[in-house]
Amino acid sequence: TLRKPISQSSMADWASKNLNMHTQGIFRRRISISNMLSWNGGSIKKPMLITSNRTIKKEACEMFKLVQSYMGDRQARMDRNHVALVTVTKCWSMQGLRDELYIQLIRQTTDNSCYRSLAWGWELMAISLAFFSPSPKFQSYLEGYIYRHLDSDENIAQRIKELVDLKNKKNSKSRKKRKQNTEDEGLPISTYAKYCYRKLQKVAVTGGKKGLRKPTVEEITHARNAIMTPSLFGSSLEEIMLRQQDMYPGNKLPWVQTQLSQQVLALGGEQTEGIFRIPGDIDEVNALKLQVDQWRIPSGLSDPNIPASLLKLWYRELEEPVIPQQFYKECISNYENPDAAVAVVQLLPELNRLVLCYLIHFLQIFAQPSNVGRTKMDVNNLAMVMAPNCLRCQSDDPRIIFENTRKEMSFLRMLIVHLDTSFIKGLV
């Protein structure tokens, strides 16, 4: 369910306080907010947002040219993949440029009379959201903008027609060129908007790409493909099972879950001190994530912490947690009662029940005394690191979150100790 973002009047108020108003003409007249936030075919002389940082001021103007290049509104020496890579890397490396990029994309996707350019602008926004989030103060503005495009395809088509007609009246020579541009239509804008909206909600919570390695062309391509082919990370269990139907039609469990779990064991994870507590190298985890999203498990892995970290990430990023939200209260109410805790599992939808039982069966291997001696991860430690990946508290109150964290851990501990998962053996 999509929560309704800030109102149009609040967005206008935000813009009036934060936009770095540009001027034009010999008398340096101020450009109106609506013009500041409408497609521009020329260059800009200063950033769109107010800033005192000199580096940001300079980079913002160069970035605007990159945005135009990606959208096909300016000739580029690089292909679009590399234009996106340079743009994303600038913002990933320099936090102060991120909001500037998003406001530039808002501008260039507003009143744009070329559908192809418009679609590519939305595509670049979707790619960018795979690497970094806007600042908290800008998030609600961006959210509001995207929200207004979730069901706007008819309005956009009508607006493009109006803009083209207006342009043709002013300059009849442009008719042929504009006709060619509007014919080259791709995905509906609402498809991009829906993807961006969900991506924004997630990246605002989880943060963007982490690690020391800069973004790569492979990651750019993967981020673009994810618009049409959702990632195995951040999707719902139902979507994941639907996607693997052709490749693994007989599987009862998500391929990504079973493969990563088996990798942890194959690399001796149950004999590794601090498994699930000590994170794997973040850049190697990112690299493995890319390959898993292409249904591949590389053969050169040696550190069990890498698949273990990615497995935790997969559980944590599920669109809805393994234990769905409607069962949350029942879980934390029965955190001390073994029979009631086990009974909650039987109430779950079949797919969620199987996925959860597979996870518990997997954790029970690590909870065996012979393994705990090596890993130093007893049942309490395992419950502590895994509970946040299975249950999600919806409250914003720090006291409730703190209190529920203890109950979540205790509930998962009950399952590891008391849930009979023997039927899971051999299930894939």
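Let's start in a loop: Lys376 sits between helix 19 (369-375) and helix 20, where helices (H or I, at least four residues) and strands (E, at least two) are DSSP runs numbered from the N terminus. Its phi is positive, about 60 degrees, although Lys376 is not a glycine. At 48% relative accessibility, Lys376 counts as partly exposed; buried means under 20% relative accessible area, exposed over 50%, and partly exposed in between, with a 1.4 Å probe and protein chains only.

A word on what you're looking at. This is a predicted model, in which local features need pLDDT of at least 70 and side-chain atom pairs count only at pLDDT 80 or more, while totals for chains, interfaces and linings use all residues. Residues are numbered from 1 along each chain as its sequence is written, and side-chain values use heavy atoms, with hydrogens and water left out.

Now zoom out. The protein has 21 helices and two strands, and its C-alpha trace spans about 80 × 45 × 40 Å along the principal axes. Of its 428 residues, 50% count as buried. Take the contacts (heavy atoms within 4.5 Å) between residues at least 6 apart in sequence: 78% of them join residues at least 24 apart.

Trp295 is another residue with a positive phi of about 60 degrees that is not a glycine. You'll find Trp295 in the loop between helix 14 (282-292) and helix 15 (305-317). With 15% relative accessibility, Trp295 counts as buried.

Both of these loops fall in a stretch with a label. An unreviewed UniProt entry carries the annotation "domain: Rho-GAP" over residues 235-423; UniProt positions are given in the numbering used here, feature names are shortened, and annotations may be inferred rather than shown by experiment. Over residues 235-423 the chain is 61% helix and 0% strand, and the C-alpha atoms at the two ends are 27 Å apart.

Follow the chain on from Lys376 and a helix pair comes up. Helix 20 (residues 379-390) packs against helix 21 (residues 398-418) at an angle of about 115 degrees, with the axes 8 Å apart. Here axes are lines fitted to C-alpha atoms, for helices over the stretch in contact, and angles run from 0 to 180 degrees between N-to-C directions. The crossing of helix 20 and helix 21 is right-handed, meaning that the near helix is turned clockwise from the far one by less than a right angle (anticlockwise would make it left-handed). On the helix 20 side, the residues in contact include Leu382, Met386 and Cys390; on the helix 21 side, they include Met409, Leu412 and Ile416. By class, this contact has 11 nonpolar, one polar and two charged residues. Ala, Val, Leu, Ile, Met, Phe, Trp, Tyr, Cys and Pro count as nonpolar, Asp, Glu, Lys and Arg as charged, and the others, Gly among them, as polar. As background, an α-helix has 3.6 residues a turn, so residues three or four places apart point the same way.

Another pair to look at is helix 6 (residues 115-129) with helix 11 (residues 217-228), which pack at about 115 degrees with their axes 9 Å apart. This crossing of helix 6 and helix 11 is right-handed. Glu123, Ala126 and Ile127 from helix 6 meet Ile220, Ala223, Arg224 and Ile227 from helix 11. Sorted by class, that contact comes to five nonpolar, no polar and two charged residues.

Helix 6 also holds Ser128, which is buried with a relative accessible area of 0%. Leaving out residues up to four places away in sequence, Ser128 touches Val88, Leu101 and Tyr102. Leu101 and Tyr102 are among the buried residues of helix 5. In fact, 11 of the 11 residues of helix 5 (residues 98-108) are buried, so this helix is largely enclosed by the rest of the structure. Its cover includes helix 2 (33-36), helix 3 (54-70), helix 4 (80-93), helix 6 and helix 7 (136-147).

One last loop: Gly41, between helix 2 and helix 3, is partly exposed, with a relative accessible area of 44%. Gly41 and Gln108 are 67 residues apart along the chain, and their C-alpha atoms are separated by 8.7 Å.
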